[in-house]
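This report looks at the surroundings of a bound ligand and then at the cysteines. The structure comes first, and the account of its contacts follows.

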Amino acid sequence: MSGPGPTDAEATRFSRPVPRARIHPPVDVFPIDAWKLETTRFTGRFAPQVETIYALGNGYLGLRGDIEEGAPTAQPGVFLNGFYESWPIVYGESAYGFARTGQTIVNVTDGKVIKLYVDDEPFELANANILEWRRTLDLRAGTLDRTILFETPAGKQIALATRRMVSFTHRHLALISYEVSVRNATAHFTVASELFTRRAEAEDGDDDDPRRSSGFDGRVLEPVCQRAEGRRAVLVHRTRNSRLTLACGMDHEVATEAPFSEHAECGENRAEVVFSIDAGPEQPFQLTKYLAYHFSGEAPAEELAARAERTLRRNREIGAQRLFEEQRERLDDFWEHGDVEIRGGPAIQQSVRFNLFQVFQATVRSEGYGVPAKGLSGQGYEGHYFWDAEIYVLPYLIYTAPRVARNLLQFRYRMLDQARERARELGHRGALFPWRTISGEEASAYYAAGTAQYHIDADIVYALRKYVQASGDMRFLCESGAELFVETARLWMDLGFFSEQKGGAFCINGVTGPDEYTAVVDNNRYTNMMARENLLGAVAVVETLRHRYPDDLRDLVRKTGFEASELEQWRRAAERMHLPVDEKTGIHPQDDDFLEKEVWDCAATPPEKYPLLLHYHPLVLYRHQVIKQADVVMAMFLVGHEFSAEEKKRNFDYYDPLTTRDSSLSSCIQSIVASEVGYPEKAFDYFLDAALVDLADIGGNVTDGVHIASAGGTWMALVYGFGGMRDHEREISFHPRLPADWEGLRFRLELRGQRIEVDMDREGTTYRLLEGSGLLLRHEDEEFRLLPDEPARFPTTSD
Ligand code: BGC
């Protein structure tokens, strides 16, 4: 066997496009391993997708899965959360208040590359005679492993083994272990370990695709200083406009019995440590490469270089073996809390674990930063933070990793002053969070589908409230959360008004809801309902402080100038929120005009015209009843307690056929609501769509990075959909609905410091208390107290 050629698995997963006719790829033909993603043959053909799937990250540092040899690659990259370059947004026609500063995550100094020369000939994968190839993303070890056996034209058999990781326990660290040996001869190896910056090239391809990154042309990173000593080198660079300084260092350890020599070189944009080895048969050369990344907007270059060196020194002392062990231990803990076990669908199990692992990789060490739409696996959406984090990623974290959830909310809190400024700029009171950003400034150049999505404010405090209810972390609420509630409530009061035309109803005009195919509308149902939730939440929080934490209330008044009279206004606006019902159909209109528009003929739209955003001018879409992603249906999930069962069914029946799922954020929500309103097959189909969005490349853009919102949404579809969990206020209830082909589904949740396990099978559901002294839960209509060592079992009822 030699040379490139896709494996069946790769071909099935990545042969695009999966038609929007909703035919799912036959997941069961994939090589199934519940804990691994393995390829057994090298192929360049799917390199762009594979680079995303094999990306490693820890929420701070991300390495794309390009190979050590440095070629062939598609979009090689290294990303740091919060490390961006800014650029002036140029408008053909500008207007007051438009976002001015674009921000793009930077592809930073790359330390992945280790080149191999055998008897002075470069080892080039594309031309090599590969005898064996195995590359594995190991979801339990947290490593990307590779073994290759190839034969040189002179008949020498060379074995190469690499293992790569981005550490979960040391956030600035990545590690590569690299071993090469010759089996049947002697050979001269040159192993060149590199550190270099790339010249950014403007991406080719579809300039009209807003989901991609605009990229830069030329050098984004300007050299500041560099040094090399022994086996260690450090390069320091600074971004031209955003003035962020980055130090990237590498150091090496060698273990071999073969004689070797070494030398290091260092220039402004490249450093190299080169080993020259005379290897006998079965005399392996073992190299460990330590990589450290530190950046800052304030710290001087020297200081950052010293930090990188300290990280290298400290981790060399710990040693690779222990570092790999720590990685596994950290992951054991993650799976213990966050795994979802599916009995009966091994391929689905694999996809689900892949998704959960992606959320972990995107968040676990993100401290001080947000969650980019693609995590740190690619440059799609410019590395921006959206509502994806609060609405799609946080639920999973709140119930399985509350400390990480808290860090992310804390990060939003730190943006509050900028959000206050932005509100002022737009003439509002309170705070207005940016629709998309890295630095905290609004970076959305298209206001109709950007700034107009005011719902971001309500989304943030919605997640905050869920976090506080699930964790019981009142300190966070008092010290940070309350201020967020007050300032966002003020925004709604300012944005909306009591309309005489509408009998004094509180109306919010000129906004865009989640559905970006309908923009700048009056009274978007989702926005109004979430604003209402925001206002009522603010009232409840202030009341709580007044009764239980008077000192914190005093602080809140000092920080926000809060006045007691505001409470009454918030209550009134919430009570009178405009939430009409359409008399003719009995459904809830998505906005004031939605039902007046012409209905888009989805059935007559050929599959290749999806996603519609790439084929139709926005105005054409805005004129029709056609929906990019769940909107009213989204509200029916998030504030489901505000709808009756009949309303939910009517709304779902109306909106579902109009919903294109052109955003990957849609399927998981449609799945949850389909489960609830009694469409189990649809629920399952949509669930698959979410779970496979990356592994089957359903959107055709996995190259640009994994879809983190959908990954979090996959967990939501399992737990809120099939598990039927609802978490309104402090009441946690379950309404299990196991998919027809599954034998069982099991997940664990953390609730106010206690841990429970929910174990569903065909006959019933068992609840177990894993940690804690006991808590009240609800199974369907029955409330029960779950106690230690006393599992509660409920038989399945047909409904
Ligand atoms: C969706 C947004 C989402 C963004 C980033 C867009 O296509 O419409 O809701 O926040 O992608 O994932």
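In sorting residues by class, Ala, Val, Leu, Ile, Met, Phe, Trp, Tyr, Cys and Pro count as nonpolar, Asp, Glu, Lys and Arg as charged, and the others, Gly among them, as polar. On that basis, the shell around the ligand holds six nonpolar, two polar and three charged residues. This is a predicted model, in which local features need pLDDT of at least 70 and side-chain atom pairs count only at pLDDT 80 or more, while totals for chains, interfaces and linings use all residues. Residues are numbered from 1 along each chain as its sequence is written, and side-chain values use heavy atoms, with hydrogens and water left out.

The residues around the ligand, meaning those with a heavy atom within 4 Å of it, are Ala373, Tyr381, Phe386, Trp387, Asp388, Trp435, Glu516, Lys628, Gln629, Ser663 and Leu665. Polar side-chain atoms of three of these residues pair with ligand oxygen atoms as polar contacts (N or O atoms within 3.5 Å):

| Residue | Distance to a ligand oxygen atom |
|---|---|
| Tyrosine 381 | 2.7 Å |
| Tryptophan 387 | 2.9 Å |
| Aspartate 388 | 2.5 Å |

The protein covers 95% of the 310 Å² of accessible area that the ligand has on its own, as computed by the Shrake-Rupley method with a 1.4 Å probe.

Turning to the cysteines, a disulfide requires a pair of cysteine sulfur atoms within 2.5 Å, and the count comes to zero. The sulfur of cysteine 266 is too far for a bond, because the closest cysteine sulfur, in cysteine 225, is 9.5 Å away. Cysteine 266 is partly exposed, with a relative accessible area of 32%, whereas cysteine 478 is buried at 5%; buried means under 20%, exposed over 50% and partly exposed in between, with a 1.4 Å probe and protein chains only.

Conventions:
A polar contact is a pair of N or O atoms within 3.5 Å; within protein, one must be able to donate a hydrogen and the other to accept it, and residues adjacent in sequence count only if both atoms are side-chain atoms.
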